[in-house]
Amino acid sequence: MAQLLLVGANARTRELFGQAARERGDDVEVAMTGDDALLRCELADFDLVLCEEALLDMGALDVVDELGRAGAARPVVVLSDDGAAERAVEAMRLGARDYVRRPQEAVDARGLLARMLASAPSTAASAPAHASAPREPFAGIIGDSAAMRELQRLVSTVAETDSTVLVTGETGTGKDLVGRAIHAASRRRDRAFSAVNAAAIPETLLESELFGHRRGSFTGAVANKKGLFEQAHRGTVFLDEVAEMPLMMQAKLLRFLQTGEIQPVGAESTRYVDVRLVAATNKNLEREVEVGRFREDLYYRLAVIPVHIPPLRERREDIVRLTDYFLEKYARAAGKPVRGVSPEARRLLDRHDWPGNVRELENAIERGVALCRGPEITPTELTLGVRAGRPVSAIEPRIASLECVERNHILHTLEHVGWNRKRAAEILEISTTTLWRRLKEFGVEGPVVDGRRA
């Protein structure tokens, strides 16, 4: 049985949550003002505080701030009329558990209550104010560091809105996971989620891929085709590497964000589609704007809610959990009895700078499991920044060979363009044949996408 505190004077809100709580067997107290709520929180422990945004004497954010200053471990959910993204971000910064639209129906109140209490720490267990996050991954986002807990809270909050999100972070930090997590936690979760890498599609085909085309509009257009935005109607589109879009396509994307209308290539009319856009980039878009490679007006349209993913080297406390997660994943997939990582290998993982971030760590553990012959991965099976087959010792300086530098540069370029080998060869200024030969010499195979090797 949970102890709930409902703060606010809206009769309909009290009725909905009161009914939902009684059905669950929970106890509910009501505070009409913010001062009353703060006093009640001093006298009793509540499993959840549901606070209307506008109170008779103060705002909900003031209540959240005061509870945080008092060191209270009460999870607070702010109930808003409009779910404005700016106030949602501020509420989360102050320590709110969530910021959601006020439910209008009983079923929505029941769902919100069940979701919030399932994730709230139990006061009966005397959980500390800064208790660790649950061990289960949050929509695929793994990490117990303060930075990752903040990211998880922010994702949970912005998912309740339909605002455009701009996800930034270095290559390999998991920007696509954040995009999927936002969709999975949103009201659009039962609709389509479409992902596209702008850098992996030739400029001549990008417009057709996003907006569709009509038969005969260009050579090879033998039939009408729906673009990704139309396919994801009422769903979410994740647009990766948005900084790589040519200026002409940036203008068309801006028009879509302003009007919600698409015009397929070769079509004479437009049509409206309801799509939530999550864009991502590993570049500094403000700098791209300064040098004229990215439209300033589009930047502000995309960055309504900015979400930044810190690199792995800035949250080293997550390395252990990530390592264990990937170890279990690949050991189970390979059917191998690999149960852990040796202390020496753990030290190497902790000392590494991780320029490839979480993706590099995942690849290292996958290789380690594949090469491991015993119950633990040892330094012999790890390949961290050096030529494959030659492990870094715990005391040896990590000075990469020329071959290693070339290999890492090629792999970084391929990852940057989504393993589009033709595009990578152009950037590297080598032929595709030379690129294929070097990958073969390095023993590198592309990732498997839709059942095919990239």
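Q: Why is Q250 called buried in this predicted model?
A: Q250 has a relative accessibility of 0%, and a residue counts as buried when its relative accessible area is under 20%, so Q250 falls in the buried class.

Q: Where in the secondary structure is Q250 found, and which residues does Q250 touch?
A: Q250 is found in helix α10, which spans residues 247–259. Leaving aside residues up to four places away in sequence, Q250 touches M245, R293, F294, R295 and L298, where a touch stands for heavy atoms within 4.5 Å.

Q: What makes A181 count as buried or exposed?
A: The relative accessibility of A181 is 1%, and since the cut-off for burial is under 20%, A181 is classed as buried. A181 is found in helix α7, and the C-alpha atom of A181 is separated by 7.1 Å from that of V155, although the two residues are 26 residues apart along the chain.

Q: Which residues of helix α7 are buried, and what do they pack against?
A: In helix α7, which covers residues 175–184, the buried residues are K175, V178, G179, A181, I182 and H183. These buried residues of α7 pack against α6 (146–158) and against the strands β6 (165–168), β7 (193–197), β10 (236–240), β13 (276–281) and β14 (305–308).

Q: How do you know which strands are the edges of the sheet with the order β7-β10-β13-β6-β14?
A: This open sheet has five strands with parallel pairing, and β7 and β14 are its edge strands, as each of them pairs on one side only. The twist of this sheet averages 20° from one strand to the next. Helix α6 packs on the sheet, touching β13 and β14, and its direction makes about 155° with that of β14.

Q: What makes β7 and β10 a pair?
A: Two strands pair if there are at least two bridges between them, and β7 and β10, which run parallel, are joined by five bridges, so the requirement of at least two is met. Within this pairing, F193 stands opposite T236 in β10.

Q: What is the strand order of the sheet that contains β1, and which strands are at its edges?
A: The order is β2-β1-β3-β4-β5, in an open sheet of five strands with parallel pairing. Its edge strands are β2 (27–31) and β5 (98–101), each pairing on one side only. From one strand to the next, the twist averages 20°.

Q: How do you know that β1 and β3 pair, and which helices pack on their sheet?
A: Strand β1 (residues 3–7) and strand β3 (residues 48–52) run parallel and are joined by four bridges, which satisfies the rule, since at least two bridges are needed for a pair. In this pairing L6 stands opposite L50 in β3. Helix α1 (residues 11–24) packs on the sheet and touches β1, β2, β3 and β4 (76–80), its direction making about 175° with that of β1. Helix α2 (residues 34–43) packs on the sheet as well, touching β1, β2 and β3, with a direction that makes about 140° with that of β2.

Q: Why is α13 called oblique to α15?
A: The axes of helix α13 (residues 319–334) and helix α15 (residues 357–371) come within 9 Å and cross at roughly 45°. An angle under 35 degrees would count as roughly parallel, and the roughly perpendicular class is 65 to 115, so α13 is oblique to α15. The crossing of α13 and α15 is right-handed. Among the residues that make the contact are I319, L322, F326 and Y330 of α13 and V358, L361, I365 and V369 of α15. The residues of this contact of α13 with α15 divide into 11 nonpolar, one polar and three charged.

Q: What makes the arrangement of α17 and α18 roughly perpendicular?
A: Helix α17 (residues 421–428) and helix α18 (residues 432–442) pack at an angle of about 100°, with their axes 9 Å apart. Angles of 65 to 115 degrees count as roughly perpendicular, and α17 and α18 are therefore placed in that class. In the contact, R421, K422, A424, A425 and L428 in α17 meet T432, L435, W436 and L439 in α18. The residues of the contact of α17 with α18 divide into six nonpolar, one polar and two charged.

Conventions: Residues numbered from 1 in each chain as written. Predicted model: local features only at pLDDT ≥ 70, side-chain atom pairs only at ≥ 80, totals over all residues. Heavy atoms only, no water. Helix = DSSP H or I, 4+ residues; strand = E, 2+ residues; numbered from the N terminus. Axes fitted to C-alpha atoms, helices over the stretch in contact; angles between N-to-C directions. Buried < 20%, exposed > 50% of the residue type's maximum accessible area, 1.4 Å probe, protein only. Parallel < 35°, antiparallel > 145°, perpendicular 65-115°, else oblique. Left-handed = near helix turned anticlockwise from the far one by under 90°. Nonpolar A, V, L, I, M, F, W, Y, C, P; charged D, E, K, R; others polar.
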